[in-house]
Amino acid sequence: QVQLVESGGGLVRPGGSLRLSCAASGFTFSSYAMSWYRQAPGKERELVARIGSPSISTTYADSVKGRFTISRDNAKNTVYLQMNSLKSEDTAVYYCNVKRWSLDYWGQGTQVTVSS
């Protein structure tokens, strides 16, 4: 079965940095685009970043452009999200996602809290 396991979340002060990881298994990782979404309490889940394979194709939400970087290591079946210059509004649960044959698969999520 498809499995996505996020890690790397935690508490960080405004202006700080964090790197999230998503370990994937159960499918041919290198054949699929991977995405990061986030959801804050009371808000809809939103796309943060997406990366294709090969990784020349990347997209970012306007709110994170210039601060976040998505990358992948196909040999390790892992996708990353480097988050810099974090703001309080970045506080959310971050989810890893892959779409296969029009069906979305999600990890359990990792909490990111930006607070002083």
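**Close-up 1. The disulfide of Cys 22 and Cys 96 is left-handed, because the torsion about its S-S bond is about -85°.** The link ties together distant parts of the chain: Cys 22 belongs to strand E3 (residues 18–25), Cys 96 belongs to strand E9, and 74 residues separate the two. Please keep in mind that this is a predicted model. A disulfide is a covalent bond between the sulfur atoms of two cysteines. Here the sulfur atoms of Cys 22 and Cys 96 sit 2.1 Å apart, and the count for the structure comes to 1 disulfide. Are these two cysteines buried or exposed? Both Cys 22 and Cys 96 are buried.

**Close-up 2. Strand E9 (residues 92–100) is mostly covered.** Of the 9 residues in E9, 8 are buried. Which strands pair with E9? One of them is E4 (residues 34–39), which runs antiparallel to E9 and is joined to it by 5 bridges. In this pairing, Trp 36 stands opposite Cys 96, the cysteine already met in the disulfide with Cys 22. Strand E11 (residues 110–114) is also antiparallel to E9, with 3 bridges between them. Look for Tyr 94 here: its bridge partner in E11 is Thr 110.

**Close-up 3. E9 and E10 make a hairpin with 2 residues between the strands.** Strand E10 covers residues 103–106 and pairs with E9 in the antiparallel sense, over 4 bridges. To find your way across the pair, start at Val 98, whose bridge partner in E10 is Tyr 105. Then move to Trp 101 in the hairpin, which takes a positive phi near 50°.

**Close-up 4. Phe 27, Phe 29 and Tyr 32 gather into one aromatic cluster.** The structure holds 4 aromatic pairs. In one of them, Phe 27 and Phe 29 are tilted, with 6.3 Å from centre to centre and 50° between the planes. How do Phe 27 and Tyr 32 meet? They form an edge-to-face pair, 5.8 Å centre to centre and with 75° between the planes. Phe 27 counts as buried because its relative accessible area is 11%, under the 20% limit. Tyr 32 has a relative accessible area of 19%, so Tyr 32 is buried too. Phe 29 is likewise buried.

**Close-up 5. Two arginines lie over the faces of aromatic rings.** Arg 72 lies over Phe 29, at 4.4 Å from the ring centre; this is the Phe 29 of the aromatic cluster with Phe 27 and Tyr 32. What does Arg 45 lie over? Its partner is the face of Trp 106, and the distance to the ring centre is 4.5 Å.

**Close-up 6. The largest nonpolar core has 29 residues.** Which members touch the most others? They are Trp 36, Leu 81 and Tyr 94. Each of E3, E4, E5 (46–51), E7 (68–73), E8 (78–83), E9 and E11 supplies at least two residues of this core.

**Close-up 7. Tyr 94 and its surroundings bring several earlier views together.** Leaving aside residues up to four places away in sequence, Tyr 94 touches Trp 36 and Leu 81, among others. Its contacts also include Glu 6, Leu 20, Tyr 37, Arg 38, Val 48, Phe 68 and Met 83. Gly 109, Thr 110 and Val 112 are among them as well, and Thr 110 is the bridge partner of Tyr 94 in E11.

Conventions: Residues are numbered from 1 along each chain as its sequence is written. This is a predicted model: local features need pLDDT of at least 70, side-chain atom pairs count only at pLDDT 80 or more; totals for chains, interfaces and linings use all residues. Side-chain values use heavy atoms; hydrogens and water are left out. Buried means under 20% relative accessible area, exposed over 50%, partly exposed in between (1.4 Å probe, protein chains only). Two strands pair if DSSP finds at least two bridges between them. Rings of Phe, Tyr and Trp (its six-membered ring) pair if their centres lie within 6.5 Å; planes under 30 degrees apart count as stacked, over 60 as edge-to-face and the rest as tilted. A charge sits over a ring if NZ of Lys or CZ of Arg is within 6 Å of the ring centre and within 35 degrees of the ring normal. A disulfide is a pair of cysteine sulfur atoms within 2.5 Å. A nonpolar core is a set of buried Ala, Val, Leu, Ile, Met, Phe, Trp, Tyr and Cys residues joined through side-chain atoms within 4.5 Å. Contact means heavy atoms within 4.5 Å.
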